[in-house]
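Biologist: I should like to learn how to read the features of a model such as this one. Please take me through them in turn.

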Amino acid sequence: MKRKIRIKDISGIKIGQAQDPEGGTGCTVFIAEQGMAAGLDVRGGGPASRESELLKLLAAAQAIHAVVLAGGSAFGLGAADGVMQYLEEKGIGFDVGVTKVPLVCQSDLFDLTVGNPSARPDRNMGYEACLMAEEGNYRDGNYGAGCGATVGKFAGMEYCMKSGIGSYAMQIGDLQVGAVVAVNALGDIYDWRSGEKLAGLLAEDRHSFRLTEELMCADIRVVDNKFTGNTTIGIILTNADFQKPALCKIAGMAHDGYARSIRPVHTSADGDSIYAVSVAAADGTKVSADQDLVGTLAAEAMSEAITTAVKSARSAYGFPAWQEISAV
């Protein structure tokens, strides 16, 4: 029987967050001190990422030690330096004889048009997030990578809404599957079960909705620059025993969760990316589970996490959130 659990109930991984509320940016760190097999599927046209090559099937690395989701666009990739510093101090990494090299992958969303454009996740923020991971300070909403997240930006930032970071996890027997996602899409966000629009492009009164797809269809001319600051970045966590090829497939299946909840999605102006990682319990054990089942659950968890991200967000930086609009 499938039942809902907390994202923190998935063992073998620590999650920490740090943010700059005034600057409107932050980062979320996932640490597996014993290492974790990982895969990645990128379907947006404008990703900002670090060490993605490690997760390609021909790369030698079969495990990494941390994943970072952050704001700041490419400027925010420096947060991984702080994560590497933290892991090095703890003696965690790939043993190369003279030292241990932590393997840290990172994906960033664009939040420079929110808050202070000069505020970006950096080494210090990455290190702070690792310290927070020791306390397990993960929260949904305007935290970590979701601090500066917004959605519905096809008509510009004037008509977008505040979003955030969200999580969802479930368990069947001993199998655990969960998702965390920072929702910063160009498009609109929908409840994947009912089809109700939850957030996205606002009408000119800024109290009701327009449909991004309808606005796009109103003019077929080429739009030279849709880059108003986008990208939805997420991660699937499971205690199922998979290696890199299967995890890349599971990450790909989890993109169905994006497609069910975000319209349009995977555009040239988004850098939509999903990691999938396999983590072990404290005693090193993992669960044997069917790959297609886990991928199916991953897509469901991702859609639920997107809903959580939108409904947990608070109005900030002049952008209304779901609670404000839904109350009208």
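**Helix contacts, spaces and backbone**

Modeller: Let us begin with a helix pair: A79, D81, G82, V83, Q85, Y86 and E89 in α1 are in contact with R123, G126, Y127, C130, L131 and E134 in α2. By class, the residues of this contact are 6 nonpolar, 3 polar and 4 charged. Please bear in mind throughout that the model is predicted.

Biologist: At roughly what angle do the axes of helix α1 and helix α2 cross?

Modeller: The angle is roughly 50 degrees, and the axes come within 6 Å of each other. Helix α1 is therefore oblique to α2, since an angle counts as roughly parallel under 35 degrees and as roughly perpendicular from 65 to 115. Helix α1 spans residues 79–89 and helix α2 spans residues 123–135.

Biologist: Is the crossing of α1 with α2 left-handed or right-handed?

Modeller: Helix α1 passes α2 in a right-handed crossing.

Biologist: How should the pair formed by α4 and α5 be read, and within what distance do their axes come?

Modeller: The axes of helix α4 (residues 244–261) and helix α5 (residues 291–312) come within 7 Å, with a crossing angle of roughly 40 degrees. This crossing, too, is right-handed. On the α4 side the contact includes A246, K249, I250, M253 and A254, and on the α5 side it includes Q291, D292, V294, G295 and T296. Further along, Y258, R260 and S261 of α4 also take part, as do M302, S303 and I306 of α5. The residues of this contact comprise 10 nonpolar, 6 polar and 5 charged.

Biologist: Let us turn to empty space. How much space lies in the largest pocket?

Modeller: Rolling a probe the size of a water molecule over the atoms reveals where empty space remains. In this structure the largest pocket holds about 250 Å³. It is lined by 13 residues, of which G12, E33, Q34, A280 and A281 are the closest to its centre.

Biologist: Which strand gives the most to the lining of the largest pocket?

Modeller: Strand β3 (residues 25–42) does, with 5 residues. The lining as a whole divides into 7 nonpolar, 4 polar and 2 charged residues.

Biologist: How many cavities of 30 Å³ or more are there?

Modeller: The count is 1. The largest cavity has a volume of about 40 Å³. Its lining is formed by M36, A37, A38, L54, L55, A61, Q62, A63, I64 and K244. Strand β3 again gives the most, here with 3 residues. By class, this lining has 8 nonpolar residues, 1 polar and 1 charged.

Biologist: Finally, the backbone. Is the peptide bond from R263 to P264 cis or trans?

Modeller: That bond is cis, with omega near -10 degrees. P264 itself lies in the loop between β16 (262–263) and β17 (273–278).

Biologist: What is notable about the phi angle of S73?

Modeller: S73 has a positive phi of about 55 degrees, although the residue is not a glycine. S73 sits in the loop that runs between β5 (64–70) and α1, the helix with which we began.

Methods
Residues are numbered from 1 along each chain as its sequence is written. This is a predicted model: local features need pLDDT of at least 70, side-chain atom pairs count only at pLDDT 80 or more; totals for chains, interfaces and linings use all residues. Side-chain values use heavy atoms; hydrogens and water are left out. Axes are lines fitted to C-alpha atoms, for helices over the stretch in contact, and angles run from 0 to 180 degrees between N-to-C directions. Helices (H or I, at least four residues) and strands (E, at least two) are DSSP runs, numbered from the N terminus. Angles under 35 degrees count as roughly parallel, over 145 as roughly antiparallel, 65 to 115 as roughly perpendicular and the rest as oblique. A crossing is left-handed if the near helix is turned anticlockwise from the far one by less than a right angle, and right-handed if clockwise. Contact means heavy atoms within 4.5 Å. Ala, Val, Leu, Ile, Met, Phe, Trp, Tyr, Cys and Pro count as nonpolar, Asp, Glu, Lys and Arg as charged, and the others, Gly among them, as polar. On a 1 Å grid over the protein atoms alone, a cavity is a set of points where a 1.4 Å probe fits but cannot get out, and a pocket is an open set with protein on both sides within 12 Å along at least five of seven lines; lining residues have an atom within 4 Å of a point. Grid points are joined across faces, edges and corners, and a volume is the space filled by probe spheres set on the points.
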